[in-house]
Amino acid sequence: MAHQKPLSLILLSLIPLFFILFPQTIQAQSPTAPAPAPTGPIDIFAILKKENQYNTFIKFLNETQVGTQINNQVNNSNEGVTVFAPSDNAFNNLPGGTLNKLNDQQKVQLIQYHVIPKFYTFDDLQTVSNPVRTQATGQKGEPFGLNFTGQNNQVNVSSGVVTTNIYNAIRKDRPLAVFQLDKVLLPVEFTDAKAPSTDDAPAPSGDTTKKGTSADNTKAKEPSPASTTPNDAKRISVGILGLISGVFLMGALS
C-alpha cells in the first residue's frame with residue numbers, strides 16, 4: 001500500500017504533461033460548432049420568384065435590364081435599394097391597352113419608377129421627406145418622384161395619378177427592401193400634355209396679295225381727294241348769282 005500511493009501521485013502529475021505534449025489530439029476529440037454556410041449574392045429575380053405572384057413584374061425587370069441594375073447596386077454599393085413590386089393582379093387591373101401604348105423608353109421609366117436607389121425600412125417611409133427620388137428620369141434628366149404618407153402604422157404611396165397602400169415586406173433586410181403593391185404606379189409625367197412651344201407655331205405667310213404690303217396699307221389709309229357732286233355745284237351757282245344781284249342792287253341805290 002505504501003508503494004501504490006506514490007505511484008498514484010506520479011500518474012496524476014503526468015496528466016498536465018500529457019496535455020502539453022499532445023494538444024492536437026485533445027482538440028480533435030472535442031466537438032466544434034459547424035462553420036456558417038457562405039451566403040451568395042442578392043438576386044431580385046430569385047426573391048420575387050419564390051412568391052409566385054410577380055411574374056409580370058419579373059418579365060419587365062428582365063426586358064428593361066432594371067433587374068440587373070438592382071442586383072449590381074445591392075451587391076456593389078453601400079446605399080442599398082428599395083423596390084415596390086406590383087403583383088400580377090395589379091398589372092391585370094390596369095386599363096386595357098395601358099402597357100401597349102408605352103414605348104420602350106417609357107417601359108424602362110415605368111419599372112425604374114418602382115425603384116428607389118436607397119434602402120428604406122417600413123418605419124423610414126412613414127417619416128421620409130417628400131418627394132422621394134426614384135430611379136426614373138425624364139428626357140432632360142429630371143427625376144420622377146413619389147410621395148409617402150404614414151399614419152397608424154400604415155403607409156400610402158402616391159404618384160400623383162395612383163395612390164395605394166404599401167403592404168407586407170417581401171424582404172426587409174439591408175441592403176435590399178422589397179414591398180408588395182396592389183396597384184401599378186403610373187408616373188404623372190405620362191399623363192401631362194405637351195405644352196405648345198414657339199417652335200410649333202406656324203410661320204407667317206409670305207403671300208402679300210391677300211393682306212397687302214405696308215405701303216399698300218398706308219396708301220389705303222390716305223384720304224382720297226374731294227370730288228364735286230351735282231348738289232354742291234347747284235349750291236355754288238346759287239351763291240354766285242346772289243352775290244352778283246347784291247352788287248347790282250348796291251350800285252342802283254348809290
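**Thr-164 and the sheet around it**

Thr-164 is found in strand S6, which covers residues 163-171. The model is a predicted one, and every value below was computed from it.

The relative accessibility of Thr-164 is 5%. Buried means under 20% relative accessible area, so Thr-164 counts as buried. Its side chain makes a polar contact with the side chain of Asp-182, at 2.4 Å. Asp-182 also appears among the residues in contact with Thr-164 once neighbours within four places in sequence are left aside. The others in that list are Val-155, Asn-156 and Val-157, together with Leu-181, Lys-183 and Leu-185.

Some of these contacts can be followed into the strands that pair with S6. Strand S5 takes in residues 154-158 and pairs with S6 in the antiparallel sense, over three bridges. Within this pairing, Thr-164 in S6 is the bridge partner of Val-157. S5 and S6 form a hairpin with four residues between the strands. In that hairpin Gly-160 takes a positive phi, near 95 degrees.

Strand S7, residues 176-181, also pairs with S6. This pairing is again antiparallel and again runs over three bridges. One of the bridges joins Ala-169 to its partner in S7, Phe-179. S6 and S7 form a hairpin too, with four residues between them.

What is the order of the strands in the open sheet? The sheet has seven strands and mixed pairing, and the order is S2-S1-S7-S6-S5-S4-S3. S6 therefore stands between S7 and S5 in that order. The edge strands are S2, residues 115-116, and S3, residues 132-137, each of which pairs on one side only. In a regular strand the side chains alternate between the two faces of the sheet.

A helix also meets this sheet. Helix H7, made of residues 104-112, lies across S2, S3 and strand S4, the last of these being residues 143-151. The helix runs at about 155 degrees to S3.

The last stop is Lys-50, whose place is in helix H3, residues 44-51. Is Lys-50 buried or exposed? Exposed means over 50% relative accessible area, and Lys-50 is exposed because its relative accessible area is 71%. The C-alpha atom of Lys-50 is separated by 9.8 Å from that of Ile-170, although the two residues are 120 residues apart along the chain. Strand S6, where this account began with Thr-164, covers residues 163-171.

Terms used: Residues are numbered from 1 along each chain as its sequence is written. This is a predicted model: local features need pLDDT of at least 70, side-chain atom pairs count only at pLDDT 80 or more; totals for chains, interfaces and linings use all residues. Side-chain values use heavy atoms; hydrogens and water are left out. Helices (H or I, at least four residues) and strands (E, at least two) are DSSP runs, numbered from the N terminus. Buried means under 20% relative accessible area, exposed over 50%, partly exposed in between (1.4 Å probe, protein chains only). A polar contact is a pair of N or O atoms within 3.5 Å; within protein, one must be able to donate a hydrogen and the other to accept it, and residues adjacent in sequence count only if both atoms are side-chain atoms. Contact means heavy atoms within 4.5 Å. Two strands pair if DSSP finds at least two bridges between them. Axes are lines fitted to C-alpha atoms, for helices over the stretch in contact, and angles run from 0 to 180 degrees between N-to-C directions.
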